[in-house]
Amino acid sequence: MQIMPNNQPGSKFAAWIFGCALALGLICIAGFGGVYVYIWVPVWLGLYGLTSAAMLYQSGSGRRLCWHPLFGPILAFGGLVFLQWRLRLSLYPGTTLTGLLQLSGCACMFYLMLFAVESEGTRALRVWAWVLWLFTGLISTEAVFQFFSSHGFIYWFHDASYATPIGPYVYHNHFAGCMDLLLPVSVAVAFRQERSEDPVWITWLRRALVPALGFAAVVISRSRGGIITLFVEVALALMIFGGELRGKPAMARTFWISFASLAGFSVLANWHPVIGRFGKFASHDPSLLDRLRVWHACWNIFLAHPLWGTGFNTFASVYPAYQNFDNGLIFLFAHNDYVQALAETGTLGMLCVVAFLTLWFLAGRRQWRRQDRNSGIRILQAAAWIGASGFLFHSFGDFQFHAPANALLFFMVAAMAGLPRNSPPKIIKARATSTNKVMIPPRE
């Protein structure tokens, strides 16, 4: 009798589920960031179907369903939104139902990533990282060429001149948020140690073109929040790897050479408009003052609905009653996901958000400590943690989680940083009988 562990690589069905989920997430990004109903609805239906198939597969094969402590706050927040809709606690139940459907898709993506890691082991993480590296190169190349030749058209045929399009995104800050998530993982893949017949510097130069193009694409997007976030991510990388850089001169040289290369390559982009936008950060900048006023209005909304909030996804409908200025613009979002969540879900919702962020931080730290120092998986997971942390930072000044594709990508990258919870067993023992065998999984 052979005993195979639940996380033993080689399950074709698990690999198929993982590949389809990953493809759906990337399709949502390429499909105008998922902002149109005809894009995100089919993607969400696919995620529902894949999650159902994964659960049926696990139940049919006698395996336990996937679980992680992070599901606690995710389900609690989803349950709160469900009650807002079902009990008519939301001021606009229809919009809350739409938000609930989008939340459920993100939860499905997180479950599918956990299922992939438990089924395929670290092999899934490596494939994951390589796919994100390749996709970063494709989306960055498209964004650069489109910027210089499309004149406000996405993919050269979709007119988005009414907005600030860059790459497949209608809104340039959403594109920058996507790159905030992708670039740290792409850098980790580009500069990882690997045996090759070519000289190391040639291999690194070839792979580094992808994150370099990504950095240049963020520059030409003219997103102040995106550029600041990238520097925050560099600071996080120095904090995490600083001790190891001091003890390993070769690794330190690699880090600084890669940083200098990315910065030098970005000079090819047009910095002058970006510098001009940073020059408007003074207190007289209307956009900054307007955002502060909107955030203050969110606080007033919270004071009026402190426990349940006004209902998830209701800000656009509720805000006009609390608006205390008029600059001729319509604010559909608060440009700060945290204060908007406070206004829409109240104290209970913010407790769920804080619980999720706390547990996710602890999961990432646990993965960092339990992995071998020279493990490539350790570096990949640290890079994913940096990318997700940068995205969370960017959300303080924008509405990143309200872009469906970015929300999906966040839960994909956050899962990479904090999974798996438990280390796979090295030896699976069976009861001693004459026919029993011990199955030792191959080294990964």
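Helices here are DSSP runs of type H or I with at least four residues, numbered from the N terminus. The exercises below use a predicted model, and each solution goes step by step.

**Exercise 1. Find the helix in which Gly349 is placed, and decide whether Gly349 is buried or exposed.**

Step 1. The place of Gly349 is in helix 13, a helix that runs over residues 337–370.

Step 2. Gly349 has a relative accessible area of 0%. Because buried means under 20% relative accessible area, Gly349 counts as buried.

Step 3. When neighbours within four places in sequence are left aside, Gly349 is in contact with Phe77 and Leu80. Gly349 and Phe77 are 272 residues apart along the chain, yet their C-alpha atoms are separated by 6.1 Å.

**Exercise 2. Compare the span of helix 13 with that of a straight helix of 34 residues, and say where its kink is centred.**

Step 1. At 1.5 Å a residue, a straight helix of 34 residues would span 50 Å.

Step 2. Between its end C-alpha atoms, helix 13 spans only 32 Å.

Step 3. Helix 13 also has a kink of about 125°, and this kink is centred on Gly346.

Step 4. At the N-terminal end, helix 13 is capped by Asn336, which has a side-chain oxygen 3.0 Å from the backbone nitrogen of Tyr338.

**Exercise 3. Carry out the span comparison for helix 3, and list which of its residues are buried.**

Step 1. Helix 3 covers residues 71–86, which makes 16 residues, and it reaches 21 Å from its first C-alpha to its last. This is close to the 22 Å expected at 1.5 Å a residue.

Step 2. The buried residues in helix 3 are Phe71, Pro73, Ile74, Phe77, Gly78, Leu80, Val81 and Gln84.

Step 3. A general point helps in reading such a list: an α-helix has 3.6 residues a turn, so residues three or four places apart point the same way.

Step 4. The cover over the buried residues of helix 3 includes helix 4 (93–120), helix 13 and helix 15 (404–418).

**Exercise 4. Describe the aromatic pair formed by Phe410 and Phe411, and name the cluster that ring pairs build around them.**

Step 1. The structure holds 32 aromatic pairs, and one of them is formed by Phe410 and Phe411, with 5.3 Å from centre to centre and 80° between the planes.

Step 2. Because planes over 60 degrees apart count as edge-to-face, the pair of Phe410 and Phe411 is edge-to-face.

Step 3. Phe410 and Phe411 are both buried.

Step 4. Ring pairs link Phe410 and Phe411 with Trp67, Phe71, Phe110, Tyr111, Phe356, Phe391 and Phe401 into a cluster.

Step 5. Rings can also have a charged side chain over them. Arg378 lies over the face of Trp368, at 3.4 Å from the ring centre, and Arg293 lies over the face of Phe325, at 5.3 Å from the ring centre.

**Exercise 5. For Gln146, Thr51 and His172, give the helix of each residue and what each one meets.**

Step 1. Gln146 is part of helix 5 (residues 122–149) and counts as buried at 1% relative accessibility. Apart from neighbours within four places in sequence, its contacts include Phe153, Tyr155, Trp156 and Ile166. The C-alpha atoms of Gln146 and Ile166 are 7.5 Å apart, although 20 residues separate the two along the chain.

Step 2. Thr51 lies in helix 2 (residues 37–60) and is buried at 6% relative accessibility. Residues up to four places away in sequence not being counted, Thr51 touches Cys108, Tyr111 and Leu112.

Step 3. His172 belongs to helix 6 (residues 172–190) and is buried, with a relative accessible area of 10%. Its side chain reaches the backbone oxygen of Ser221 at 2.8 Å.

**Exercise 6. Locate Tyr155 and Arg222, and state what is notable about phi in each of them.**

Step 1. Most residues other than glycine have a negative phi.

Step 2. Tyr155 is not a glycine, and yet its phi is positive, at about 60°. Tyr155 sits in the loop between strand 1 (153–154) and strand 2 (158–159), where it is partly exposed at 26% relative accessibility.

Step 3. Arg222 likewise has a positive phi, near 60°. Arg222 is found in the loop between helix 7 (200–221) and helix 8 (224–247), and with a relative accessible area of 32% it is partly exposed.

Key
Residues are numbered from 1 along each chain as its sequence is written. This is a predicted model: local features need pLDDT of at least 70, side-chain atom pairs count only at pLDDT 80 or more; totals for chains, interfaces and linings use all residues. Side-chain values use heavy atoms; hydrogens and water are left out. Rings of Phe, Tyr and Trp (its six-membered ring) pair if their centres lie within 6.5 Å; planes under 30 degrees apart count as stacked, over 60 as edge-to-face and the rest as tilted. Buried means under 20% relative accessible area, exposed over 50%, partly exposed in between (1.4 Å probe, protein chains only). A charge sits over a ring if NZ of Lys or CZ of Arg is within 6 Å of the ring centre and within 35 degrees of the ring normal. Helices (H or I, at least four residues) and strands (E, at least two) are DSSP runs, numbered from the N terminus. The expected span of a helix is 1.5 Å times one less than its number of residues. The bend at a residue is the angle between axes fitted to the seven residues ending there and the seven starting there. A polar contact is a pair of N or O atoms within 3.5 Å; within protein, one must be able to donate a hydrogen and the other to accept it, and residues adjacent in sequence count only if both atoms are side-chain atoms. Contact means heavy atoms within 4.5 Å.
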